[in-house]
Amino acid sequence: TANSGISQGVGILSEVAPSVDFDHSCSDSVEYLTLNFGPFETVHRWRRLPPCDEFVGARRSKHTVVAYRDAIYVFGGDNGAFTTGTPPAPRYHHSAVVYGSSMFVFGGYTGDIYSNSNLKNKNDLFEYKFATGQWTEWKVEGSLPVARSAHGATVYSDKLWIFAGYDGNARLNDMWTISLQDREHACWEEIEQSGEIPPSCCNFPVAVCRDKMFVFSGQSGAKITNNLFQFEFKGHMWTRIPTEHLLRGSPPPPQRRYGHTMVAFDRHLYVFGGAADNTLPNELHSYDVDSQTWEVIQPSLDSEVCAHHCISCLLYHELTSSWGSRLSIGRLFHAAAVIQDAMYIFGGTVDNNVRSGEMYRFQFSCYPKCTLHEDYGKLFENRQFCDVEFILGEREERVLGHIAIVTARCQWLRKKILQARDRQRQGGEEGAGAGGPRDIPGGTRASGNQPMLEVHIREAEAQPFEVLMQFLYTDKIQYPRRGHVQDVLLIMDVYKLALSFKLSRLEQLCVQYIEASVDLQNVLSVCEQANKLQLDQLKEHCLNFVVKETHFNQVIMTKEFEHLSTPLIVEIVRRKQQPPPRVYSDQPVDIGTSLVQDMKAYLEGGGLDFCDIVLLLDGHPRPAHKAILAARSSYFEAMFRSFMPEDGQVNISIGEMVPSKQAFESMLRYIYYGDVNMPPEDSLYLFAAPYYYGFSNNRLQAYCKQNLEMNVTVENVLQILEAADKTQAWDMKKHCLHIIVHQFIKVSKLPNLRSLSQLLLLDIIESLASHISDKQCAEMGSDI
């Protein structure tokens, strides 16, 4: 049903999920995956779906869509299935959620937006049963949420949760919930929220991931931000997700915006569209809940959208008066839903206030997370296979570590380790405190006959050095707790070490953390410590913070100000009277190298001087590092813990199969720095590697699976056929032979065909013979 202005009908767009066999989902436990062969959808591909002519009044915005089984249900919206019962009044800016086999619609704005008459916010609740098409209004006794529109809604623990919105006069930030299990006894309950509650806002999305509700941006007046907030259902506690751990140069959060969508899939939140400072961006942003990082998803090359308003697309539009397959899809007040492993975007307001009736499908990727940082972090926490001991400060406190990780990440410490190693070799037991193996707690002593290397660092204390080591292993430091001055002062000590050790990346992290943590309660303590440690950049930030109009009077009335050193008091007063001119620098900030970059360089030759194990591949030696292998593989961890070979050499195989040299190098790249890019033939060798070597999850196998299923071509089919035969991957071999037979004219011209073994050539001939029909045989016989 379509109404003028506002729609109340339920439109059903069925069969939106293509019938493909490809399953992107992979659990974090290492389970063995199986290969499937087509047809497949390219990951990160946008595809415009054909219009549904039977869907009356399809063009609309400010509507809702929900997914149930393999269908999308569209309700309401402005300008714009069969039903029974009394449907809700036509409306927009309402909410709709799915619980069980029903859709629940709450609130929204009713009336005629064109004539500006009968406009009214609602707080009614309707249930729509998918099986029967029946509408039922829930008549609820007791307290009710204030009527509202443009709010957020979700379902969790058998309850509908309503947050914020607009009541016609002001924005809200209250929260209500109601049980959806029993209509007869249901009642609304207002939730007492705590923590960092988002500002009153409207036109924002909510999504549930990892048992938490997330809210991103929205219209909140002068306070509009691009903050992401998470809500703990159990404790009713809000937390603002910090962004201070995101280094300059790394992907920032999306711009502040409203009218956008956000959906959850696997461990990610996907933010799309909306109005951002008078623009309609069409980038798709992804937030990883585990790593707390943002990224912009690059569409696949065969996507049916343009990522930007580029000149070629504008010319195409001018020449054809149509965006066609190159449509730019920036929009606001659209709606989004997830079915299986894809997101569907429908409708919305596009350029020039035009309502859209288009639907787009986006194919998610769902690979298990990269555990590189976690694996190295656990290696440091467990203190296994340590081969270096740092002796720190005047009290000579000791911190254990691993030469491989430390020398890969920090050139200053690398020099210290080389000097200590040279002294140890030259002086034996008398050299610089480096004696025979010290009595180290079980499981941490250097393996083999190598003594624990001792490295003295007088300029470092144990606590900040531990934080620095945590950074070397994980690329992260723990965020200072709000209101804990000692945490901030500790990070300042870490910052001092980062300057001394020339760790640019850690420097930037510390500066961002400290500047974000400075507040009215701790600014003078931080300023005094920065002055003491001669950290001029941080001192400058604190002084500017103090002399701000909104801060100055509050700061100088504190007891801490009375005990401040006289030179600092003078400096604050003078700065207040005559602020120095601002100095702007266009010099790029050096953010240093990441863990991934450093480990890549280490594998490619930078770590050759520190190898302590030799991997033998079919008799050919490949030097490597025990700590790194043990951190990433439970197979190597168990080997080095239980029975380290006396000659320091380990034969490499995957089960009973020896991988190719190229595939082995691909596996080492994955172990050292998490790289998953490789030719399809390498993927075939490594498909079983996660299972055999005991990696933390089956991320490598998931990438190998996708690589094999999507990238077997005429050009590489012979190499993959050889690998499939060698690894006894019979399904893949059959698939390759199928391609060879159907593309034999092209395959026959490949030079690699002549180098195949006699048995493989016979397999190809047999497959060709099976493919040729009796009629073709007769025709060939008549030509003889």
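Visitor: How many helices and strands does the protein chain have?

Guide: The protein chain has 24 helices and 32 strands; helices (H or I, at least four residues) and strands (E, at least two) are DSSP runs, numbered from the N terminus. This is a predicted model, in which local features need pLDDT of at least 70 and side-chain atom pairs count only at pLDDT 80 or more, while totals for chains, interfaces and linings use all residues. Residues are numbered from 1 along each chain as its sequence is written, and side-chain values use heavy atoms, with hydrogens and water left out.

Visitor: Why is asparagine 203 called buried or exposed?

Guide: Buried means under 20% relative accessible area, exposed over 50% and partly exposed in between, with a 1.4 Å probe and protein chains only. Asparagine 203 has 11% relative accessibility and therefore counts as buried. This residue lies in the loop between strand E13 (194–195) and strand E14 (206–209), and has a positive phi of about 55 degrees although it is not a glycine.

Visitor: Why is glutamine 534 called buried or exposed?

Guide: The relative accessible area of glutamine 534 is 62%, so this residue is exposed. Glutamine 534 sits in the loop between helix H8 (523–532) and helix H9 (536–546); not being a glycine, it nevertheless has a positive phi of about 60 degrees. Of the 784 residues in the protein chain, 51% are buried.

Visitor: Why do strand E2 and strand E22 stand at the edges?

Guide: The open sheet has four strands in the order E2-E26-E23-E22, with antiparallel pairing; two strands pair if DSSP finds at least two bridges between them. Strand E2 (46–48) and strand E22 (335–339) each have a single partner strand, so one side of each is left without a neighbour in the sheet.

Visitor: How do you know that E22 and strand E23 pair?

Guide: Five bridges join E22 to strand E23 (residues 342–346), and the two run antiparallel. One of the bridge partnerships links alanine 335 with phenylalanine 346 in E23.

Visitor: What makes the largest cavity a cavity, and which kinds of residue form its lining?

Guide: A cavity is a set of points, on a 1 Å grid over the protein atoms alone, where a 1.4 Å probe fits but cannot get out; lining residues have an atom within 4 Å of a point. The largest cavity has a volume of about 60 Å³, a volume being the space filled by probe spheres set on the points. Its lining residues include Pro198, Cys201, Phe216, Gly218 and Asn227. The lining divides into seven nonpolar, five polar and no charged residues. Ala, Val, Leu, Ile, Met, Phe, Trp, Tyr, Cys and Pro count as nonpolar, Asp, Glu, Lys and Arg as charged, and the others, Gly among them, as polar.

Note on methods:
On a 1 Å grid over the protein atoms alone, a cavity is a set of points where a 1.4 Å probe fits but cannot get out, and a pocket is an open set with protein on both sides within 12 Å along at least five of seven lines; lining residues have an atom within 4 Å of a point.
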